[in-house]
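Subject: Structure for you to look at

Hello,

I am handing this structure over to you, and the file is below. My notes on it come after that, for reading alongside the model.

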Amino acid sequence: MPKFIKHKTAEELVVSLKTKGLLIDNDLQAANYISNIGYFRLKAYFYPLYSEPKNNHFFKNDATFDKVMNMYRFDRKLRLLLFNEIEKIEVAFRSTIVNIVTAELNDVFWITNKKYFKDEGYFNLSLNLIQSEYNRSKEEFIIHFKSKYCSIN
């Protein structure tokens, strides 16, 4: 198992990357990216730029910090697009469940009624979580609900 090595500053990491063959045009900018994003987050994007054998951690001749950052940015944008779409699916799925169960049981507050649940312990835990979130919420629709109707218990 490798031994833990003392923490290096972003500037020291830039020097280390350059000695391993990574081409860096702007040391200060690279150090800022390493400081703000994190070396270990960026390290995953170094891997495709390593020469063989990759476990030596030396870079290919055309490996640049700009390529690392381009892969990072692409990955970040892809993640944001995917999570945006996943959120839409999640919201639609939750809404469908609520609508179907509410229609079946003819009870809009079915989620607060333990008779509809198998495990009373899990039900109580879930209800306590809902109550806690409801009590601390500052969302406008929750404030409106509290003022117009009543609290859930």
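What follows is a list of findings, grouped by the part of the chain they concern.

Please keep in mind that this is a predicted model.

The core

The largest nonpolar core has 22 residues. Those with the most contacts inside it are L17, L22, I34, L42, F46, F59 and F65. Four helices give two or more residues each to this core: α1 (10-19), α2 (27-37), α3 and α4.

F59 is a useful residue to start from. Leaving aside its neighbours within four places in sequence, F59 is in contact with L17, L22 and F46, which are also listed among the core residues with the most contacts. The other contacts of F59 on that count are K20, G21, L49, Y50 and S51.

Aromatic residues

A search of the whole structure finds 11 aromatic pairs. One of them joins Y39 and F40: the ring centres are 5.3 Å apart and the planes stand at 80°, so this pair is edge-to-face. Y39 is buried, because its relative accessible area of 16% is under the 20% limit. F40, in contrast, has a relative accessible area of 67% and is therefore exposed. Another pair is F145 with Y149, where the centres are 5.0 Å apart. The planes of F145 and Y149 are at 40°, so that pair counts as tilted.

Y39 and F40 also belong to one aromatic cluster, together with F46, Y47, Y50 and F59. F46 and F59 thus appear both in this cluster and in the list of core residues with the most contacts.

Two lysines lie over aromatic rings. The charged end of K54 sits over the ring of Y47, at 5.0 Å from the ring centre. K146 lies over the face of Y134, and here the distance to the ring centre is 4.9 Å.

The loop between α3 and α4

Helix α3 covers residues 39-46 and helix α4 covers 65-105, with P53 in the loop between them. The peptide bond from E52 to P53 is cis, with omega near -10°. H57 is in the loop between α3 and α4 as well. H57 has a positive phi of about 60°, although it is not a glycine. Why are these two points worth listing? Most residues other than glycine have a negative phi, and most peptide bonds are trans. As for its surroundings, H57 is partly exposed, with a relative accessible area of 30%.

A second positive phi is found at N106, which is not a glycine either; the value is about 55°. N106 lies in the loop between α4 and α5 (120-136). With a relative accessible area of 72%, N106 is exposed.

Salt bridges

How many salt bridges does a search of the whole structure find? The search gives seven. Side chains of opposite charge can pair when their charged atoms come close. Three of the bridges are described here.

- K18 forms a salt bridge with D27, and the closest N and O atoms are 2.9 Å apart. K18 is partly exposed at 36% relative accessibility, and D27 is partly exposed at 35%.
- D62 forms a salt bridge with K67, with the closest N and O atoms 3.3 Å apart. D62 is partly exposed, with a relative accessible area of 44%, and K67 is partly exposed at 33%.
- E90 and R94 meet through their side chains in a salt bridge of 2.9 Å, N to O. Both residues lie in helix α4, four residues apart, which is about one turn of the helix. E90 is partly exposed at 37%, whereas R94 is exposed, because its 53% is over the 50% limit.

The end of the chain seen from K18

F145, already mentioned for its pairing with Y149, lies in helix α6 (residues 140-148). Is F145 buried, partly exposed or exposed? At 22% relative accessibility, F145 counts as partly exposed. F145 and K18 are 127 residues apart along the chain, and their C-alpha atoms are separated by 59 Å.

Regards

Note on methods:
Residues are numbered from 1 along each chain as its sequence is written. This is a predicted model: local features need pLDDT of at least 70, side-chain atom pairs count only at pLDDT 80 or more; totals for chains, interfaces and linings use all residues. Side-chain values use heavy atoms; hydrogens and water are left out. Buried means under 20% relative accessible area, exposed over 50%, partly exposed in between (1.4 Å probe, protein chains only). Rings of Phe, Tyr and Trp (its six-membered ring) pair if their centres lie within 6.5 Å; planes under 30 degrees apart count as stacked, over 60 as edge-to-face and the rest as tilted. A charge sits over a ring if NZ of Lys or CZ of Arg is within 6 Å of the ring centre and within 35 degrees of the ring normal. A salt bridge is a side-chain nitrogen of Lys or Arg within 4 Å of a carboxyl oxygen of Asp or Glu. A nonpolar core is a set of buried Ala, Val, Leu, Ile, Met, Phe, Trp, Tyr and Cys residues joined through side-chain atoms within 4.5 Å. Contact means heavy atoms within 4.5 Å.
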